[in-house]
Amino acid sequence: MTKIIVVGAGVIGTSVAYRLARAGAKVTVLEATRVGGGTSGISFAWTNANNKTPRAYFDLNVAGMRAHAALKDEFGATPWWHGGGRIEWRDQPEWAGQKAKVERLKSWDYAVDWIDRKQLLELEPDIAPEAIGDAPIAWYPNDGWLDPVVYAHAMMSAAQRLGATLRTQTRIAGLIAEGGKAKGVRSERGETFHADLVINCTGRWSNDTVGSAAPNVPLAPTVGFLVFTPPVPAGIQRVVASPICDFRPDGAGRLMLHWGSADATVTPEIGVNPGMEQAADLVERLTRILPGIAPVKPEAARVTIRPIPKDGLSAIGPVPGLENYYLMVTHSGATLSPALGAMAADEIINGRQRPELADFRPSRFF
Ligand SMILES: Cc1cc2nc3c(=O)[nH]c(=O)nc-3n(C[C@H](O)[C@H](O)[C@H](O)COP(=O)(O)OP(=O)(O)OC[C@H]3O[C@@H](n4cnc5c(N)ncnc54)[C@H](O)[C@@H]3O)c2cc1C
């Protein structure tokens, strides 16, 4: 039986661990903190292929969306995935760009339509029409969002039911390599774990995890800043994207907010807290769209780093120069995880080269 170590239990590591365990591999997942304790725990997690180009990356993300929907047949219920759709309007200078995007997506058979204000208010009656003005409104019925930690836990638990082992609070300090082959990993506490294959799923920490023992894929990480309301009196059921801010439900009436321009105002080093000006500004923006939730203050603010390979695309597969080592690092992991987990497991167990991954090999960086 193939003995495989998966390092990192975010959405990516748990997805591949589940698929490998299902295929009969002996899987050990080693995680520095807890399941979903990394980037997956602080993600807007909109499942989509909306802004994804080139075509191969769009197709990969569509495969991710389909894989999330298909898990319902496998698990009976998928309480971690919400396919509620997404509403989008923009400021006038962006109308031409939005129209071009919608046309491209239609030509690629993506589910998208224009709706009017009346239709929007039927979908989301709490939105103030004044916030939209006369902007065109795009509706993406198959977009949705993921609760990534709930998903990662479900995948990990399913893998464990199939015999996989999970070790949390186990930080890997290095790769054991001999004669150009990965043989296992060494933990910070000095334990060694041997395997036929090591899969590095440590996201933004991928290079730190292996150091110079494996060739490093260059990353271009960006900072992400999210703000959370307390439970508010609004029945929002969808992802909403607007020039004022983006938001979506986050359970029990809470809303999660993101606004691209706010990302640049924070860093993980300075830390964030719900009392900070940037958090208050985002919630004030939200009340322009949902006036019925005022007065309200932020309940939480979180910052983290997106794990993005330098060219913005996924890096999935073997890494030249080191055998028995497989890397999986990507942005859009909330969308891609179930598809990437299945594809990677297929390659590893069955020795296939998945054509969907041809453009996303780590080898392009070397
Ligand atoms: C603000 C923000 C918004 C986002 N929005 C979206 C979105 O709308 N849609 C979308 O699809 N994606 C989105 N993403 C991206 C998505 O969240 C990530 O691609 C995904 O979470 C990456 O998952 P992962 O499993 O690769 O990494 P992680 O979740 O970071 O998992 C890596 C794990 O490795 C562990 N680890 C690290 N080092 C070690 C070590 N040495 N030893 C053992 N374990 C280790 C960590 O503790 C962590 O649990 C967003 C990201 C951010 C930050």
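How far apart should the ends of H2 be, given 1.5 Å a residue and 21 residues? The close-up views below start with that helix, and the model they show is predicted.

**View 1. Helix H2, from its span to its kink.** The 21 residues of H2 should span 30 Å, and because its end C-alpha atoms are 30 Å apart, the expectation and the model agree. Look along the helix for a kink of about 25°, which is centred on Ala69. Several residues of H2 are buried, including Tyr57, Phe58, Leu60 and Asn61. Farther along the list of buried residues come Met65, Ala67, His68 and Leu71, among others. After H2 comes Gly76, and its phi is positive, near 85°.

**View 2. Two cis peptide bonds that end in proline.** Start with the loop between strand E3 (46–47) and H2, where you will find Pro54. The bond joining Thr53 to Pro54 is a cis peptide bond, with omega at about 0°. Now move to the loop between helix H9 (277–289) and E18, the place of Pro295. Here the peptide bond from Ala294 to Pro295 is cis too, and its omega is near -5°.

**View 3. The largest nonpolar core.** A general idea helps here: in soluble globular proteins, nonpolar side chains tend to be buried together. In this model the largest nonpolar core has 45 residues. Val6, Leu20, Val27, Ile199 and Met328 have the most contacts inside it. Among the elements that give two or more residues to this core are strand E1 (3–7), helix H1 (11–22), strand E13 (197–200) and helix H10 (333–350). Take Ile199 as a guide: beyond its neighbours within four places in sequence, Ile199 touches Ile4, Ile5, Val6, Val7, Val16, Leu20, Tyr326, Met328 and Ile348. A second, separate core has 34 residues, and Leu120, Leu257, Ala279 and Leu286 are among them.

**View 4. Ala301 and its surroundings.** Find Ala301 in strand E18 (residues 300–306). Is Ala301 buried or exposed? Its relative accessibility is 10%, so Ala301 counts as buried. Leaving aside neighbours within four places in sequence, the residues in contact with Ala301 are Phe225, Leu226, Val227, Val272, Asn273, Pro274 and Ala279. Pro274 is 27 residues from Ala301 along the chain, yet their C-alpha atoms are separated by 5.0 Å.

**View 5. The hairpin of E10 and E11.** Strand E10 (residues 172–178) and strand E11 (residues 181–187) run antiparallel, and six bridges join them. One pair to pick out is Ala177 with its bridge partner in E11, Ala182. Between the strands of this hairpin there are two residues, and Gly179 takes a positive phi near 55°.

**View 6. Two positive phi values outside glycine.** Which residue of strand E20 should you look for? Asn324 lies in that strand, and its phi is positive, about 60°, although Asn324 is not a glycine. Asn324 is partly exposed, with a relative accessible area of 31%. Next, turn to Ser332 in the loop between E20 and H10. Ser332 also is a residue other than glycine with a positive phi, near 60°. With a relative accessible area of 9%, Ser332 is buried.

How values were computed. Residues numbered from 1 in each chain as written. Predicted model: local features only at pLDDT ≥ 70, side-chain atom pairs only at ≥ 80, totals over all residues. Heavy atoms only, no water. Helix = DSSP H or I, 4+ residues; strand = E, 2+ residues; numbered from the N terminus. Buried < 20%, exposed > 50% of the residue type's maximum accessible area, 1.4 Å probe, protein only. Contact = heavy atoms within 4.5 Å. Pairing = 2+ DSSP bridges. Core = buried A, V, L, I, M, F, W, Y, C linked by side-chain atoms within 4.5 Å. Expected span 1.5 Å × (residues − 1). Bend = angle between axes of the 7 residues up to and from the residue.
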